[in-house]
Amino acid sequence: MTKPALPRLSNVQARHLFLQKHGLCAAPKGSGKGADLSDVIDQLGFVQVDSINTVARAHHMILAARRPAYKEKNLKHHLERDRLLFEHWTHDASVIPTEFFPHWQLRFKRDRDRLIGRWRDWRRNGFEQKFEDVLKQISDHGPVTSATVGEDEKRSNGGWWDWHPSKTALEFLWRTGKLSVCRREGFQKVYDLTERVIPALQRDQSPDDAETIDWAARSALDRLGFATSGEIAAFWDLITPQEAKDWCQRALASGEILEVEIECVGGACRKVFLYPDTLDTLEALPAPPSRVRILSPFDPALRDRKRAERLFGFFYRIEIFVPEPKRQYGYYVFPVMEGNRLIGRIDMKSLRNESRLHVRAFWPENGVKPSKGRLTKLQAELDRMARFSGCSDVTFETDWLKTA
């Protein structure tokens, strides 16, 4: 007997659903502060933190792409004053709603078991003997940075893997939940005891492993719109691929999720899971506004580079670590979105001492014509990015428009 065909989402439907889940299908409006900012971050699940400040740091660009009124101080208030967010790891360093903190107990537990052995080999010997000293220093004298612990210990220029023992202890205690990041100074993390940072309501909850696995899988699928079990596991990087696979099989058997096909660029189809009621929303999904948005390379809509290739036909890799003569584009170029398409990438930098955003190059994707209307929309977005990064003008290299 032939199996019935799986429901299929066209490529356009898959794009619109994915962009709607990532806050890029609606007109970018809202205060970008208070409850509105909380709603944005909750919808995304987390916002990746990155130090590169070519135009603005990644976490700020991610939020500004969805809320043009957003100001950097608004995130600082959520993190440092109101404790609505905490900083820890998903697939990378991120800011996460504090209401999710109880589920990070699973990560703390697993990192204790995983890191203690690995770091004995990778880091300097003796970091475990520094745990009590570091905790006592913070308890007695308040928050610290990596520079203010173990001040009598030998420093090294050997790189991130060659920390002094107290710095290693500090990072281990943060990764395993004893300490939390209470603020940043510049971009340097400042650590305090977790009981002084995370509100008791969230700190005192202890879900069991099964609860966290269920939460992680459900919340990931909700924020992705559709996903394979591997993509579900990778979203928070909180549960294992096998745990996500087992959850999907149980949920599929009980009818809580469906298996469907999505059409990729080029016509190939891919099997994924989604919630049944998602199918009912497809016809009502709005098309994204036709405006141009410049995205951070770490935008959550682009974090999964393979997904971006399948859905949008957009190949993107950061070339920070590529030797300059071998770079195809540049050190840190920004993806450019128009409506439901990724139309190119732009190399730009904020020269704040000169109050100008300087555009070195814009490469349209194949088949994207740099029409007058499109360039007008790009200019409007560049003007916005200039203001956001504290600049008053936009300037261009003579040969900035690359129309091969």
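**Stop 1: an open sheet**

Start by selecting S1, S7 and S8, which form an open sheet of three strands in the order S1-S7-S8, with mixed pairing. Strands here are DSSP runs (E, at least two residues), helices are DSSP runs too (H or I, at least four residues), and both are numbered from the N terminus. Two strands count as paired if DSSP finds at least two bridges between them. What you have open is a predicted model, in which local features need pLDDT of at least 70 and side-chain atom pairs count only at pLDDT 80 or more, while totals for chains, interfaces and linings use all residues. Residues are numbered from 1 along each chain as its sequence is written, and side-chain values use heavy atoms, with hydrogens and water left out.

Which strands sit at the edges of this sheet? They are S1 (8–9) and S8, each of which pairs on one side only. Now colour S7 (residues 258–263) and S8: these two pair in the antiparallel sense over six bridges. Select Leu258 and you will find Leu274 of S8 standing opposite. In general, strands of a sheet pair through backbone hydrogen bonds, either parallel or antiparallel.

**Stop 2: aromatic rings**

Next, show the aromatic side chains. The whole structure holds 19 aromatic pairs. Rings of Phe, Tyr and Trp (its six-membered ring) pair if their centres lie within 6.5 Å; planes under 30 degrees apart count as stacked, over 60 as edge-to-face and the rest as tilted.

Select Phe46 and Trp236: this pair is tilted, because the ring centres are 5.8 Å apart and the planes stand at 55°. Phe46 lies in the loop between helix H2 (34–44) and strand S2 (47–48), and Trp236 lies in helix H11 (residues 229–236), so the pair ties together parts that are 190 residues apart in sequence. Are Phe46 and Trp236 buried or exposed? Both are buried (under 20% relative accessible area; exposed is over 50% and partly exposed in between, with a 1.4 Å probe and protein chains only).

Keep Trp236 and add Trp104. Their ring centres are 5.8 Å apart with planes at 90°, so this pair is edge-to-face. Trp104 lies in helix H5 (residues 104–122) and Trp236 in helix H11, so the pair ties together parts that are 132 residues apart in sequence. Trp104 is buried too, as is Trp236.

To see the wider group, select Phe46, Phe86, Phe100, Phe101, Trp104, Phe108, Trp215, Phe235 and Trp236, which ring pairs link into a cluster.

**Stop 3: the largest pocket**

Switch on a surface view. On a 1 Å grid over the protein atoms alone, a pocket is an open set of points with protein on both sides within 12 Å along at least five of seven lines; a cavity is a set where a 1.4 Å probe fits but cannot get out; lining residues have an atom within 4 Å of a point. Grid points are joined across faces, edges and corners, and a volume is the space filled by probe spheres set on the points.

The largest pocket has a volume of about 730 Å³. It is lined by 27 residues, and the closest to its centre are Trp89, Ala93, Glu171, Phe187 and Lys189. Strand S3 (85–89), helix H7 (165–175) and strand S6 (188–193) each give two or more residues to this lining, and H7 gives the largest share, four residues. The lining has 14 nonpolar, four polar and nine charged residues (Ala, Val, Leu, Ile, Met, Phe, Trp, Tyr, Cys and Pro count as nonpolar, Asp, Glu, Lys and Arg as charged, and the others, Gly among them, as polar).

While Phe187 is selected, add Arg184: its charged end sits over the ring of Phe187, 4.1 Å from the ring centre (the rule asks for NZ of Lys or CZ of Arg within 6 Å of the centre and within 35 degrees of the ring normal).

**Stop 4: the second largest pocket**

The second largest pocket holds about 400 Å³ of space. Of its 23 lining residues, His59, His60, Leu79, Glu80 and Arg184 are the closest to the centre. Which element gives the most to this lining? Helix H4 does, with six residues.

**Stop 5: cavities**

Finally, look inside. There are four cavities of 30 Å³ or more, and the largest has a volume of about 50 Å³. Its lining includes Phe86, Phe101 and Phe108. The second largest cavity has about 40 Å³ of space, and H14 gives the most to its lining, with three residues.
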